[in-house]
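Have your viewer open and your selection tool ready. Let's take a short walk through this structure, one selection at a time.

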Amino acid sequence: MLLLLTRIIVFYALFTSNIYWKTSGLACFQVEEVKFDSTIVENEYIVQYRHYYMPATRWKYLNAAFRRANVSQFHIVERKNFAGYYPSDFDLIQLECEDNTATHISQLELHPLIKRISPQRSVERILNYNHTRQYVGRHLLRALPGQITHMLQANILWGMGITGAGVKVAVFDTGLAKAHPHFRRVKERTNWTNEKSLDDGVSHGTFVAGVIASAKECLGLAPDVELHIYRVFTNSQVSYTSWFLDAFNYAIFKKIKVLNLSIGGPDFLDHPFVDKVLELSANKVIMISAIGNDGPLYGTLNNPGDQSDVIGVGGINFEQKVAKFSSRGMTTWELPWGYGRLKPDIVTFGSQVKGSNVHGGCRSLSGTSVASPVVAGAVALIASGALSKMNLLNPSSMKQILIEGAERLPDNNMFEQGHGKLDILKSMQLLLTYEPRITLSPEYLDATESYMWPYSSQPIFFGSMPIIVNVTILNGIAVTGEIKDAPKWHPYTDKHGDILNVAVSYSPSLWPWSGWMSVHIVVNEKGADFKGAAEGHISLEIDCLPEQSEGKVVSKINFPLKVVVIPKPPRNKRILWDQYHSLKYPPGYIPRDNLKIKSDPLDWRADHLHTNFRDLYTHLRNAGYYIDILRMPYTCFNASEYGTLLIVDTEEEFFDAEIKKIENDVYNEGLSIVVFADWYNTTVMKKIKFFDENTRQWWIPDTGGANIPALNELLQPYGIAFSDFIAEGFFTLGDHSMYIASGTTLAKIPRSAGDIVIGAELHDQGFEILENPNVADIKKVFIPILGLFQTQNELRKQYLAVNVQTPTSYEENNVEQPNIETEISAERNPIINKRILLGVSVIDKHSRRFNGNIINKLPEKKSKNIKEMLQTLSMPIPNTSGRIAVFSDSNCLDSIHLEKACFWLLDAILEYTMTSYKSELLQKLNRINEFYTNTEDTLPLRLYSSNLHLHSKVIDSNNKFHKRDTEMCENLSWLTPQSISSAEVKLSTTRLKQIDLNLLKASKDHKVAELINSHVEAKQNALPLNSEDDERTIKLSLIFIMLLTSIVLIFFIKCFRRKRGI
């Protein structure tokens, strides 16, 4: 009896709490780390045609085009693969002449049958499987599941006979071994690489295929799909754009329905690749792609998962939270002028998922390249359960079904989780009743929901910059559509909607299956003193022409919006963030800000407050500041609205009109400026260029970590300039530990009563890179890194008259002349990815070791004039001009590779620029007298070989020594309000509804619907457990165990006493 009661207790405890005790020990994890790099292949070009042609016809057209362009030294690169039996819309050519290549290409593009000519790109994906042994203390954990197929309830569909049969799924990866024991239906294996093998030498392709369709051991979600294996990566994990193009064309010819692509990278300007993905979508191929493993940073979405027509997938762990590695939104294509789109689309399990190993058996991996095939398998499984609806399935309709059935996670925002966690049963239910329609992503805006970050993080007010919502239009009706008339704005009269002005821009056509709508929202004068929520909705009509319809289908959709409005905050609480002057990769080689991080050479996260500076944004909001983002030149904002202009890590040049405007704003409008710079040194820039043996291509930076020559032009009216010295090292400011990763120093400073300049002992990182000395032998030097300056109108004209070293115009004399020695001194890189070479030393006059005397080195005559003027400023002079604060490095604000955050320092700086208050610590550290000298020095010049002009908004693309005319300011056209009462509006939701069985036509679907309904109802009736529910359940379980134990003990004692006759 006692044994029976003990068993009941143990069973109940395990069943109720579903937990186990994990004692102290070591846990072993295997995490997939993916690095993706894309480089241009020298002298190889992809010629895209406007139509598909057989090889002989393409040769005839191409030969005629070359003759017309007077090009004889070329040949077509032969592509030996299955696509050769079909027509193609491109050729890969190799030009043997390097002179006038750009001219020849432009002449070829004039041919009426040629759509575009683009460089051939080499792609490398590096998979590092890190076996990490992690110490784990004693704590309560949920029991880990055996199979994700059961967690996603795929087994319920299997029990109904739904197993993926009838759906063609393509896996673009590293191949699959012949007769692998886990797979039932491998229809075809094709090789698109230059290796003569169909097998998987990496194990990644096998794993991905197993998650989708394994029928043994580690089960896939759809074991009966028709698998098509496309080997597009070599065993060295190298691929080329042309390989993908051929394989994509073949997939179209084979009528593939679902295509999984567990790769990605930041290069969304690989036009042939992007265009071909669009064409796949137009042909109703549903592409599922990993969103990237660059989390938890924001703005790290990978292509093609970030495209509107692709289902981008993020990863979650078994605790139902977005995994740390999963890339976050927003998309960065639209910056700096607009705002990014909502991505990922959906998330699912991607942490410690089991899949097939290369020769049999199972392994566990983590990454979004794992989550992607989970969704691909789910899509195939869902589609096979409603084959009668197959003609309605396209990239947008399937995305609608997935996101409308998704379960929103409580602890993650929209740019982390997209629309939520994959729910197979709900999506299956939605497909069974699906009717073609048009929906929006996101489907609404509600700034009162934390899910809607960043819109929920800061209220708007009269005078603030517009907030922008980039809405994706999903067209499940037809591959093309057209917005019929301009959208209409309907403010709700009873919800204060009349205080809002709304402007909308949109894609004139929707293709393929999608479009976009950009919504700009501001508060008008009516809301100047309002505090509360304001609501309304935007309506638009879209014309579509479905495939099997004789006439147009007109759809009307609404976008509800709700924003939080407050009265205008004081000027000393308002910051303007400069986004306009930030550049990123692509299109140019914008190098990393931290020179020590050699594995991450490109600056591609957009430098936006809502991407890699998100932590800074959160800190500033918590400190009570309101931050507007400037997406236009400085000529487009009213300085009287803002206390401080925050300039961080800028790579772009400045228009001359901007420099003059800011000068007026500082001296006459009281605007203050804070600059966080980064390293710049032309010799180091030449050294970190690299030569790729595979692509035969040199990569040269277009600027440094920041564009110091441009910043010096901006700061010249205030007597401030940065040097080309590269500083690095740990140091302390008071009780604060600090680290400068790769910073600059102050080369010129003004001086008036009360100014502050602070220094630190740091390493000469430029010297380390160029000379590569023994680190132990490197001595630190004391250099100026921080300056706080009060501008003085009285000194302004006199100072500018004598301080004439910095050219005020962007001419050739402000650009470093080419040096043949340094142009060829970089070593060659034997690896294909963009790793940085720090080669042998070559030092020119613009790269010197710091000698302790680089500040304000003016000729003797000019220095006497300066001293005379300084004598007149021995006493503070009251003025209304602004203040300038400069710091040498932005890495301490940037979440990328953050070593030591310096948010506290920015707080102190902002307190000074906003209110003129100088903290006691900064005054105590002031060493301005030590940094003011009179010897001569030259400021950094621009790199002659830079290609910044090719993608700059400021420099003329045809003349790198000439600036364009100042860009016009954005002129928004506000929609005419058509006011209504909210009571008159019934806005429908696209979330899951109960199935109406009468809508089902096929008897099989009818039966499936009834079965699924019962499972979904059971799931909905079961209360989901959150963290509080978990804790409550555990406590109740322990209490119950203690009570049962007490009863057993009492029973045992009574039995014992009876037996003894007590």
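Here is a tour with three stops: a sheet, a buried serine and a surface patch. Keep in mind as you go that this is a predicted model.

**Stop one: the sheet**

Select the seven strands of the open sheet, which run in the order β8-β9-β7-β11-β12-β13-β14 with parallel pairing. The edges are β8 (186–191) and β14 (346–349); each has a single partner strand, so one side of each is left without a neighbour in the sheet. Turn the view along the sheet to see the twist, which averages 25° from one strand to the next.

Now pick out β7 (residues 168–173) and β11 (residues 258–261), a parallel pair joined over four bridges. Within β7, look at Val-171: opposite this residue stands Asn-260 in β11.

Next, add helix α10, residues 395–405. Which strands does helix α10 lie across? They are β12 (286–290), β13 (311–316) and β14, and the helix runs at about 30° to β13.

**Stop two: Ser-518**

Move to strand β24, residues 514–523, and select Ser-518 there. Is Ser-518 buried or exposed? Its relative accessibility is 9%, and the cut-off for buried is under 20%, so Ser-518 counts as buried. Leaving aside neighbours within four places in sequence, show its contacts: Ile-468, Val-469, Ala-503, Val-504 and Ser-505.

**Stop three: a nonpolar patch**

Finish at helix α24 (residues 1027–1060), where you will find Phe-1052. Phe-1052 has a relative accessible area of 46%, so this residue is partly exposed. Add Leu-1049 and Ile-1053 to the selection: with Phe-1052 they make a nonpolar surface patch of about 300 Å².

How values were computed. Residues are numbered from 1 along each chain as its sequence is written. This is a predicted model: local features need pLDDT of at least 70, side-chain atom pairs count only at pLDDT 80 or more; totals for chains, interfaces and linings use all residues. Side-chain values use heavy atoms; hydrogens and water are left out. Helices (H or I, at least four residues) and strands (E, at least two) are DSSP runs, numbered from the N terminus. Buried means under 20% relative accessible area, exposed over 50%, partly exposed in between (1.4 Å probe, protein chains only). Contact means heavy atoms within 4.5 Å. Patches are made of residues with over 30% relative accessible area and no salt bridge: like charges are joined within 9 Å, nonpolar side chains (Val, Leu, Ile, Met, Phe, Trp, Tyr) within 5 Å. Accessible areas come from the Shrake-Rupley method with a 1.4 Å probe; for residues, only the protein chains shown count as cover. A salt bridge is a side-chain nitrogen of Lys or Arg within 4 Å of a carboxyl oxygen of Asp or Glu. Two strands pair if DSSP finds at least two bridges between them. Axes are lines fitted to C-alpha atoms, for helices over the stretch in contact, and angles run from 0 to 180 degrees between N-to-C directions.
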